[in-house]
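Hi,

Here is the structure I promised to pass on to you. Have a look at it first, and then read on for my notes.

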Amino acid sequence: MKIFNVMVSVDLGAAAADRVQLAAGLAERFGSKLTGVAARPVLGPMPVGDMLEVERVWAIEERLADEQLAAAKTLFEREAGSAHETAWRSTPGHPLAYLAGQARAADVVVVGRQGPADGDPGPMGVPAGALLMEVGRPVLVVPPGIERLSAKRVVVAWKDTREARRAIHDALPFLSRADAVHVAVVGPGADQEGAQDVADYLSGHCVGVTTHLLHKPEIGVADEILRLAAREDADLIVMGAYGHSRLREWVFGGATREVLQTTPICCLMSH
């Protein structure tokens, strides 16, 4: 399976440059086009009171949006040097909605992790969780400070759900190039989740697989997956996102939420 277009969300946060470098490296490896995408809301005042003042403030906001989009384009062009073909798309508008729409042309969308300690990416940032629910494409979540992804050692978090099946299919371009793939199933019913079928499916795509049935996790599901990834020296996790409703996960907690906020390595998710 070929990756034709790697699309990366560009903002002016501290992690943006590393994220673009990582996406450029993927585009170079897969012979893909790299597309940078940015949007900046124009935050105008309520149209009450002195209309001349309203128009003045609106003009300032429009100029600021144009300046920040131009700065994002400059950042993208500077950090995308290793990609052989690039494209840029931007607009004054809502970043999440714009990226989700532009992703119709993407094979994979690269966004930043936004955990509690990750800093504010500013008004151009796109939250990965909300994007996953709308985009219909695999989303690669990149923690701050990571500028390269080898994906030579990969952990697949498996549960027999539609989301996990889609994630494995979407990840085949990465898995087929990996040196080691570890399929992990966590929970008391781990042997009932069809891990052997998954291993056979991946083997049919020339992927070497080791399965891990973790019947009695000592910690939560997300932490168990992250601990396995650390033990196997993996730099990529593949998993389905929001097997429960997103509202339930954010109210009561869940593996998707925990990984989105805390993963120290890249995570490829599909919903």
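Below is what turned up, going from the sheet to the helices and then to the empty spaces. Please keep in mind that this is a predicted model.

**The sheet**

Ten strands form an open sheet with mixed pairing, in the order β3-β2-β1-β4-β5-β10-β9-β6-β7-β8. At the edges sit β3 (86-92) and β8 (209-214), each of which pairs on one side only. From one strand to the next, the twist averages 20°.

If you would like one strand pair to look at, try β6 (residues 153-157) and β7 (residues 180-186): they run parallel and are joined by five bridges. Within that pair, Arg-153 has Ala-180 of β7 standing opposite.

**Helices on the sheet**

Helix α8 (residues 221-231) packs on the sheet, where it touches β6, β7, β8 and β9 (236-240). The direction of α8 makes about 155° with that of β7.

Helix α1 (residues 16-30) lies across another set of strands: β1 (5-9), β2 (33-40), β4 (108-112), β5 (139-142) and β10 (266-270). Relative to β1, α1 runs at about 180°.

**One face of α10**

Which residues of helix α10 (residues 255-262) are buried? They are Thr-256, Val-259 and Leu-260. Looking down the axis of α10, you will find these buried residues within an arc of 100°, so they line one face of the helix. This fits a general point: an α-helix has 3.6 residues a turn, so residues three or four places apart point the same way.

**The largest pocket**

The largest pocket holds about 580 Å³ of space. It is lined by 30 residues, and the closest to its centre are Lys-159, Val-221, Met-239, Ala-255 and Thr-256. Thr-256 thus turns up twice, as a buried residue of α10 and as one of those closest to the pocket centre. The elements giving two or more residues to this lining are α5 (162-170), β7, α8, β9 and α10.

**The cavity**

How many cavities of 30 Å³ or more does the structure hold? There is one, and the space in the largest cavity comes to about 30 Å³. Its lining is made up of Ser-9, Val-10, Val-37, Ala-38, Ala-39, Pro-95, Tyr-98, Leu-99, Met-124 and Val-126. Both β2 and α3 (95-102) supply at least two residues of that lining.

Happy browsing, and best wishes!

Terms used. Residues numbered from 1 in each chain as written. Predicted model: local features only at pLDDT ≥ 70, side-chain atom pairs only at ≥ 80, totals over all residues. Heavy atoms only, no water. Pairing = 2+ DSSP bridges. Helix = DSSP H or I, 4+ residues; strand = E, 2+ residues; numbered from the N terminus. Axes fitted to C-alpha atoms, helices over the stretch in contact; angles between N-to-C directions. Contact = heavy atoms within 4.5 Å. Buried < 20%, exposed > 50% of the residue type's maximum accessible area, 1.4 Å probe, protein only. Arc of directions from axis to C-beta. 1 Å grid on protein atoms, 1.4 Å probe; cavity = no way out; pocket = protein on both sides within 12 Å on 5 of 7 lines; lining within 4 Å. Points joined across faces, edges and corners; volume = space filled by probe spheres on them.
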